[in-house]
Amino acid sequence: MRNIQLTDIPFDLGQPHSGVRGAFEYLKSLGLVEELEAARPVIEKRIQIPVKMKDTDLRIREARQAAYASEVISAHVARNYRRDSFQLNIGGDHGMALGTIHGLLHHHPNAVVVWLDAHGDLNTPETSPSGNFHGMPLAFLLGIASHPQFAWLKKVINPQRLILVGPRDLDSGEVSAIRNYGIQYFSSEDLGRLGASELLSMALHRADPDGTAPIHLSFDVDVFDGEAVVATGTRVPGGPALEELFLLGGLLAETGRLRSMDIVEFNPELGNPAEVRASGDLILDFAKAVVLNAVVSDDGFPIPPAGGNIPHRRQELP
């Protein structure tokens, strides 16, 4: 890849903590741009999120604003996407992924989406306990959820091409969606038991037997154990081992097919300065492990051929 398109997306409409808007600048202060430029030129961009609009629909908090901002993000990604660039999008909360992935689907409708998260983000406006939009983007991207403000959505993910890794705080509606749509789901325990290499081989084979589809990684920092990353609004204990998460990210990059990545839910206003710095350093290390490998990798990680001897284990849900 010739360069890295690094986009600041200060989307904070999916949850109540405005500090997520500052994630990009904080990571930049830790040397993000310099680290990436050691491998490829970096092109910085920033998406302007429109001002808040009055909204009375409590099924989705900030529904009008979230829908409009998501459409702006989608249009930006679709317009600026280049096949010879790596797209690194930094949020913002995970609600922004509706726009980034919808924009990507204009170019790669068959993309595989790997969703690293402590949560499922599969709630609909009807099943969400909180009404927070950052718990809904996958439901909209799969066509499970609908809402008049999101009528502009035209692209959907094939459920077969979605891989959830790390969820350990699932609502009942999300559990039903995973079961009903046959979505691949791997808990922290699954990752520890199988190991990153076997898990990824199995999951990518099932999602893309031909081994040719582009891959998008949507990385929510709360996938880390709540003690490892304090600076996020929805910490959950019981996260995967750091070694396996880093190996999973590196192996994804080494497929030679990872084209884009979201980093979301880092909030430098949560925690004391030492906790924020430790969280930022860990997130930056993970981003480097993925992006720097992705921009220099050809097809390298061995994906078993269709019909290979891959164990299709049934993933147990809570």
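**Entry 1. Strand E4**

Which residues point one way from E4, and which the other way? I looked this up first and found Val-112, Val-114 and Leu-116 on one side and Val-113 and Trp-115 on the other, and all are buried. I use buried for under 20% relative accessible area, exposed for over 50%, and partly exposed for values in between, with a 1.4 Å probe and protein chains only. Strand E4 covers residues 112-116, and 5 of its 5 residues are buried, so I describe the strand as largely enclosed by the rest of the structure.

**Entry 2. Basis of the entries**

I note that this is a predicted model, in which local features need pLDDT of at least 70 and side-chain atom pairs count only at pLDDT 80 or more, while totals for chains, interfaces and linings use all residues. Residues are numbered from 1 along each chain as its sequence is written, and side-chain values use heavy atoms, with hydrogens and water left out.

**Entry 3. The protein as a whole**

I counted 10 helices and 8 strands in the protein. These elements are DSSP runs numbered from the N terminus, helices being H or I of at least four residues and strands being E of at least two.

The radius of gyration is 18 Å, which agrees with the value near 20 Å for a compact globule of 318 residues. That radius is taken over C-alpha atoms, and the globule rule is 2.2 Å times the number of residues to the power 0.38. The C-alpha trace spans about 55 × 45 × 40 Å along its principal axes.

Of the 318 residues, 59% count as buried. I recorded an accessible surface of about 12,300 Å², with 48% belonging to carbon and sulfur atoms; the areas come from the Shrake-Rupley method with a 1.4 Å probe, and for residues only the protein chains shown count as cover.

Among contacts between residues at least 6 apart in sequence, 77% join residues at least 24 apart. A contact here means heavy atoms within 4.5 Å.

**Entry 4. Strand pairing**

I then followed the neighbours of E4, taking two strands as paired if DSSP finds at least two bridges between them. E4 and strand E7 (residues 215-220) pair in the parallel sense over 5 bridges, and Val-112 stands opposite Ile-215 in E7. E4 is also joined to E5 by 4 bridges, again in parallel, with Trp-115 opposite Leu-164.

From E7 I moved on to E8. These two strands pair in the parallel sense over 6 bridges, and the bridge partner of Phe-219 is Ile-263. E8 pairs with E3 as well, parallel over 4 bridges, and Leu-88 stands opposite Met-261. I found 6 of the 7 residues of E8 buried.

**Entry 5. Helix H4**

Against which elements do the buried residues of H4 pack? I found H3, strand E3 (85-90), E4, H5, E7 and strand E8 (258-264). H4 spans residues 97-105, and 9 of its 9 residues are buried; among them are Leu-98, Ile-101, His-102 and Leu-105.

**Entry 6. Backbone details in loops**

I located a cis peptide bond between Gly-91 and Gly-92, with omega about 15°. Gly-92 lies in the loop between E3 and H4.

I also noted positive phi values in residues other than glycine. Glu-62 has phi of about 60° and lies in the loop between strand E2 (42-46) and H3. Glu-265 has phi near 75° and lies in the loop between E8 and helix H10 (273-294).

Are these glutamates buried or partly exposed? Glu-62 is partly exposed, with a relative accessible area of 25%, whereas Glu-265 counts as buried at 2%.

**Entry 7. Asn-80 and Gln-149**

Asn-80 lies in helix H3 (residues 63-80) and is buried, with a relative accessible area of 16%. Leaving out residues up to four places away in sequence, I found that Asn-80 touches Gln-5, Lys-45 and Gln-87.

I placed Gln-149 in the loop between helix H5 (137-141) and strand E5 (162-165). Gln-149 counts as partly exposed at 32% relative accessibility. With the exclusion of residues up to four places away in sequence, Gln-149 touches Ala-63, Arg-64 and Ala-67. The C-alpha atoms of Gln-149 and Tyr-68 are separated by 7.8 Å, although the two residues are 81 apart along the chain.
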